[in-house]
Amino acid sequence: MSRKNIVAGNWKMNKTLQEGVALAKDLKSALAGKTLNCEVIIGTPFIHLASVAAEIAGSKIALSAQNSANKESGAYTGEVSPAQVKSTGADFVILGHSERRAYYGETFDILKEKVLLALKNDLKPIFCIGELKEEREAGKQNEVVKAQLEGSVFNLSAEDFGKIVLAYEPVWAIGTGLTATSDQAQEIHAYIRSLVAAKYGAQVADDTTILYGGSCNAKNAKELFGKADVDGGLIGGASLKAEDFVGVIEGFN
Ligand code: PEP
């Protein structure tokens, strides 16, 4: 994949099936007449995927899961495999979100397995990295994101790495209303891109899409997306209403 502008929504554990399908329908009609300067992805709970895929068929919206298992199939009660996700019509999967790392014990090694298996099943990972508040306060953000990349995705071949999207999400900015300034975002996005260049070369780095996530909304999107190394956003709270999400998408206009 070459570098793209992307706005991706992460609904997290919100919306009943009926509410989710209604939101997808609202978003589809809100975007229908618009010229978009970015790709639009919605990341829904597993239970919504097939119904939302049917709702957005033929539209400009692509579909993502928010997780997928590190196992192919079998006796893993409650898990959902990448092949199952793919069979719903989804093309992306969010992996490494800080909530999954913090609450569900997803380690670098588990995430490495999840990324590999997602790619094997033709799902494109949106791979999240980012530091905690105390790590930022201690000036350790660069070493944290470097370790996260080295721990879970720098094992990939250049060809496979080219299929993933990175999302830098400072944990202190997620759902808190605190946004990284556009200069803070640019600084660390440029650093992340330099790490990709050192590992895979300048061309792969230039082609890598790096999203910002953390209280991004219709008010701050334009300034963030205007930065050279910020290629769009991963959006939580502001993806839960069509109007708010469209406002973020319009940050590219
Ligand atoms: C997220 O969870 O990926 C996120 C960025 O959430 P929010 O936009 O609500 O901060």
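This report looks at the two largest pockets of a predicted model and at the ligand that comes with it.

**Finding empty space**

How do we find room inside a crowd of atoms? Rolling a probe the size of a water molecule over the atoms shows where empty space is left. With that picture in mind, let us visit the pockets one by one.

**The largest pocket**

The largest pocket has a volume of about 430 Å³. It is lined by 14 residues, and those closest to its centre are Lys-12, Met-13, Gln-66, Arg-100 and Tyr-104. If you want to find this pocket in the structure, these five names are a handy place to begin. Helix H4, which runs over residues 98-103, gives the most to this lining, with three residues. By type, the lining of the largest pocket divides into six nonpolar, five polar and three charged residues.

**The second largest pocket and its guest**

The second largest pocket holds about 160 Å³ of space. Its lining also counts 14 residues, with Gly-175, Ser-215, Ile-235, Gly-236 and Gly-237 lying nearest the centre. Here the lining is made up of five nonpolar, seven polar and two charged residues.

Which pocket does the ligand take up? The space taken by the ligand is the second largest pocket.

**Who surrounds the ligand?**

A shell of 14 residues surrounds the ligand, and the closest are Lys-12, His-97, Glu-169, Gly-175 and Ser-215. Sorted by type, this shell has four nonpolar, eight polar and two charged residues. Two of the names may sound familiar: Gly-175 and Ser-215 are also among the residues nearest the centre of the second largest pocket. Lys-12, in turn, has already appeared among the residues closest to the centre of the largest pocket.

Some of these neighbours make polar contacts with oxygen atoms of the ligand. The table sets three of them side by side.

| Residue | Part of the residue | Distance to a ligand oxygen atom |
|---|---|---|
| His-97 | N or O atom in the side chain | 2.8 Å |
| Gly-175 | polar backbone atom | 2.6 Å |
| Ser-215 | polar backbone atom | 2.8 Å |

How much of the ligand does the protein cover? On its own, the ligand has 290 Å² of accessible area, and the protein covers 96% of this.

Notes: Residues are numbered from 1 along each chain as its sequence is written. This is a predicted model: local features need pLDDT of at least 70, side-chain atom pairs count only at pLDDT 80 or more; totals for chains, interfaces and linings use all residues. Side-chain values use heavy atoms; hydrogens and water are left out. On a 1 Å grid over the protein atoms alone, a cavity is a set of points where a 1.4 Å probe fits but cannot get out, and a pocket is an open set with protein on both sides within 12 Å along at least five of seven lines; lining residues have an atom within 4 Å of a point. Grid points are joined across faces, edges and corners, and a volume is the space filled by probe spheres set on the points. Helices (H or I, at least four residues) and strands (E, at least two) are DSSP runs, numbered from the N terminus. Ala, Val, Leu, Ile, Met, Phe, Trp, Tyr, Cys and Pro count as nonpolar, Asp, Glu, Lys and Arg as charged, and the others, Gly among them, as polar. A residue is near a molecule or strand if one of its heavy atoms lies within 4 Å of it. A polar contact is a pair of N or O atoms within 3.5 Å; within protein, one must be able to donate a hydrogen and the other to accept it, and residues adjacent in sequence count only if both atoms are side-chain atoms. Accessible areas come from the Shrake-Rupley method with a 1.4 Å probe; for residues, only the protein chains shown count as cover. A molecule sits in a cavity or pocket if more than half of its atoms lie within 2 Å of its grid points.
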